[in-house]
Structure formats: structure tokens, C-alpha cells
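Work through the exercises below with the sequence and the model in view, and try each task before reading its solution.

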Amino acid sequence: MIYLDDFMLPEAKLFGVRLRERRKTMKLTQGQLGEKVDMAGASISVIKRGRANPTIAVMVKLAKAVGSEAWAMLRPSPASGDD
């Protein structure tokens, strides 16, 4: 049996978690974020749940929209021991 999670990149999941956190901090709905980056709210939902491997261009656009940079949203946290 093939599972979607088998094809998900850990970095995409991390980006999604951080996107959701930043969006909530900014008090933006998925729809409002979608309007800022010209994407459907449903597409943002798939990304924030780590169910998509967004392109670099999409990650850069989303990161900027929530006041961050794509590299910062992909970088492992120091507490993870991945440094």
C-alpha cells in the first residue's frame, strides 16, 4: 500500500507548520493570506498541513506574505539537534 506521507518531504511539513504559526500570529485567515499571494485558501490549507511540496517560488511568496523568509521557515530549530 502506498501512503501520501511516504512522499512528503520533512521540510515541506516544517514549512507548513511555520506558515500556519506565522499566519495565526498575524491574525490572517487562510483566505486573507490567499488573497495576499493570489492563491486559493484551499491550496494554502494543503501546504500548511504539509500535504504538498510547494515550489521555491511559492514558498518565497508565502514567506514574504507572513513577514518571513523561506530559508528561515525551512531551517531546523536549534532544539531539534539538526544543526
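**Exercise 1. Find which residues of H3 are buried, and decide how they are arranged around the helix.**

Step 1. In H3, the residues Ile-44, Ser-45, Ile-47 and Lys-48 are buried, where buried means under 20% relative accessible area, exposed means over 50%, and partly exposed lies in between (1.4 Å probe, protein chains only). Seen down the axis of H3, these buried residues fall within an arc of 165°, so they line one face of the helix; the arc is that of the directions from the helix axis to the C-beta atoms.

Step 2. Helices (H or I, at least four residues) and strands (E, at least two) are DSSP runs, numbered from the N terminus. The cover over the buried residues of H3 includes H1, helix H2 (30-37) and helix H4 (56-65).

Step 3. Take one residue of this face as an example: Ser-45, which lies in helix H3, counts as buried because its relative accessibility is 14%.

Before going on, note what kind of model this is. It is a predicted model, in which local features need pLDDT of at least 70 and side-chain atom pairs count only at pLDDT 80 or more, while totals for chains, interfaces and linings use all residues. Residues are numbered from 1 along each chain as its sequence is written, and side-chain values use heavy atoms, with hydrogens and water left out.

**Exercise 2. Describe how H1 and H3 pack, and name the residues that meet.**

Step 1. Two packed helices are described by the angle between their axes and the distance between the axes. Axes are lines fitted to C-alpha atoms, for helices over the stretch in contact, and angles run from 0 to 180 degrees between N-to-C directions.

Step 2. Helix H1 (residues 10-25) and helix H3 (residues 41-48) pack at an angle of about 120°, and their axes are 7 Å apart. H1 and H3 are therefore oblique to each other, given that angles under 35 degrees count as roughly parallel, over 145 as roughly antiparallel, 65 to 115 as roughly perpendicular and the rest as oblique.

Step 3. On the side of H1, the residues are Ala-12, Phe-15, Gly-16, Val-17, Leu-19, Arg-20 and Arg-23, and they meet Ile-44, Ile-47 and Lys-48 in H3. The residues of this contact of H1 with H3 divide into six nonpolar, one polar and three charged; here Ala, Val, Leu, Ile, Met, Phe, Trp, Tyr, Cys and Pro count as nonpolar, Asp, Glu, Lys and Arg as charged, and the others, Gly among them, as polar.

Step 4. Look at Gly-16, which lies in helix H1 and is buried, with a relative accessible area of 0%. Leaving aside its neighbours within four places in sequence, Gly-16 is in contact with Ile-47 and Lys-48, contact meaning heavy atoms within 4.5 Å. The C-alpha atoms of Gly-16 and Ser-45 are separated by 8.7 Å, although the two residues are 29 residues apart along the chain.

**Exercise 3. Describe how H2 and H3 pack, and say what kinds of residue make the contact.**

Step 1. H2 and H3 pack at an angle of about 105°, and their axes are 8 Å apart. That makes H2 roughly perpendicular to H3.

Step 2. From H2, the contact is made by Gln-30, Leu-33, Gly-34 and Val-37, and from H3 by Gly-41, Ile-44, Ser-45 and Lys-48. The residues of this contact of H2 with H3 divide into three nonpolar, four polar and one charged.

**Exercise 4. Are Lys-27 and Asp-38 buried or exposed, and what is the sign of phi in each?**

Step 1. Lys-27 is placed in the loop between H1 and H2, and its phi is near 60°, a positive value in a residue other than glycine. At 72% relative accessibility, Lys-27 counts as exposed.

Step 2. Asp-38 is placed in the loop between H2 and H3, and it has a positive phi of about 60° although it is not a glycine. At 72% relative accessibility, Asp-38 counts as exposed.

**Exercise 5. Summarise the whole chain and the confidence of the model.**

Step 1. The protein chain has five helices and zero strands, and 31% of its 83 residues count as buried.

Step 2. The chain averages a pLDDT of 84, and 86% of the residues score at least 70; pLDDT is the predictor's confidence in each residue, from 0 to 100. Among the elements, H3 has the lowest mean pLDDT (86) and H4 the highest (94).
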